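Biologist: Before we look at this protein together, I would like to ask how each descriptive term is justified. Please set every value beside its definition.

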Amino acid sequence: MVTKLYTHPIFLEHLTPSGHPERPDRLRAIERVLDDEAFAALDRVKAPEGDEATILYAHPEDFVARVRAAIPETGIVSIDADTSASPKSWQAAVTAIGAANAAVDDVFEGRAANAFVAARPPGHHAEKTTAMGFCLFNTAAIAARYAQRKHQAERVAVVDWDVHHGNGTQDIFWDDPSVLYCSTHQMPLYPGTGAKNETGAGNIVNAPLAPRTGSEVFRDAFLSRVLPALDDFAPDLIIISAGFDAHHRDPLAEINLTEEDFDWATGQLMERAGRHSGNRLVSLLEGGYDLQGLAFSVAAHVGRLMKG
């Protein structure tokens, strides 16, 4: 089966202040690299706008109302020191959710083996009641809940290799053993969470990486912590919070991965999806702020997804 690619022009209209690392050029760089003939077989789909009711799968109604009220009619406003919103940010965030949920439908209904969602704003820092870290809503958490409600998935795993810990995803699933959350991330680094002893209901597996480490340490974290947890959990679906800011070129962190590491990690998760999840795997773009490092890493990741 094919690999699907979801994106939408609205994602370019979520605007951030000049010089902000989470900028529309990130998606333009991804679009350019995936225009290569090597990706001709991708099934490219215009992301549907999401059902706003699904936001409530991970966030309470009053929080959703606060985010909606913060969207400006003109200009750019600050949600917090790092997180901004512009007039199209609500539509962009809801469309990112729609794309993720449509990708979940695809892998459960046999239209694709896997999918990559190239969307922004990202989501994994958004806690139940707090928008932060460039994120308004937690797209991965909503997609996991959507898989459980729509497709009766009993166990969903979220694997997060963004260089920043996904505190939001951890917060949402902290006491829920039906969702496994595994994260590799630099520590110490924003947002300051993600220690090994943060284990929730036994469903949280953190693998912090020391600054200035690289491939060997990252791969060992996968082999010793993430993959055994996935095998023990045997998920019905794997969702990747696919940040590419652990690349050695990235300006926001100090982990020295290459695109080959993302190819390798993708292959490892595909093998587990084949073993446990009927090959069902959905990947959602999170971070990655050096345009060349991001583009090359996404190309390696999507290329590996396409190999099946």
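Biologist: How do the residues of the lining of the second largest cavity divide into nonpolar, polar and charged?

Modeller: They divide into 6 nonpolar, 1 polar and no charged, where Ala, Val, Leu, Ile, Met, Phe, Trp, Tyr, Cys and Pro count as nonpolar, Asp, Glu, Lys and Arg as charged, and the others, Gly among them, as polar. The lining consists of Ala93, Ala96, Pro121, Pro122, Leu136, Phe137 and Thr139. I should add that this is a predicted model, in which local features need pLDDT of at least 70 and side-chain atom pairs count only at pLDDT 80 or more, whereas totals for chains, interfaces and linings use all residues. Residues are numbered from 1 along each chain as its sequence is written, and side-chain values use heavy atoms, with hydrogens and water left out.

Biologist: What makes a space a cavity or a pocket?

Modeller: On a 1 Å grid over the protein atoms alone, a cavity is a set of points where a 1.4 Å probe fits but cannot get out, while a pocket is an open set with protein on both sides within 12 Å along at least five of seven lines; a lining residue has an atom within 4 Å of a point. Grid points are joined across faces, edges and corners, and a volume is the space filled by probe spheres set on the points. The structure holds 2 cavities of 30 Å³ or more; the largest has about 60 Å³ of space, and the second largest has a volume of about 30 Å³.

Biologist: Which residues line the largest cavity?

Modeller: Ala96, Val117, Ala119, Pro121, Pro122, Gly123, Thr139, Leu284, Leu285 and Glu286 line the largest cavity, a lining that divides into 7 nonpolar, 2 polar and 1 charged.

Biologist: What is the volume of the largest pocket, and which residues lie nearest its centre?

Modeller: Its volume is about 290 Å³, and of its 15 lining residues Leu5, Thr7, His8, Leu27 and Glu31 lie nearest the centre. The elements giving two or more residues to this lining are β1 (3-7), α1 (25-34) and β2 (43-46), helices (H or I, at least four residues) and strands (E, at least two) being DSSP runs numbered from the N terminus. The largest share, 5 residues, comes from α1, and the whole lining divides into 8 nonpolar, 2 polar and 5 charged.

Biologist: Why is Ala234 called partly exposed?

Modeller: Buried means under 20% relative accessible area, exposed over 50%, and partly exposed in between (1.4 Å probe, protein chains only). Ala234 has 23% relative accessibility, so this residue counts as partly exposed. Its phi is near 50°, a positive value in a residue other than glycine, and Ala234 lies in the loop between α6 (215-233) and β9 (237-242).

Biologist: How do you know that Asn279 counts as partly exposed?

Modeller: At 44% relative accessibility, Asn279 therefore counts as partly exposed. Asn279 also has a positive phi of about 70° although it is not a glycine, and is found in the loop between α7 (259-276) and β10 (281-285).

Biologist: Where are Pro121 and Pro188 found, and what is omega for the peptide bonds that lead to them?

Modeller: Pro121 is found in the loop between β5 (114-117) and α4 (139-151), and the peptide bond from Arg120 is cis, with omega near 5°. Pro188 is found in the loop between β7 (179-186) and β8 (204-209), where a cis peptide bond with omega of about 5° joins Met187 and Pro188.
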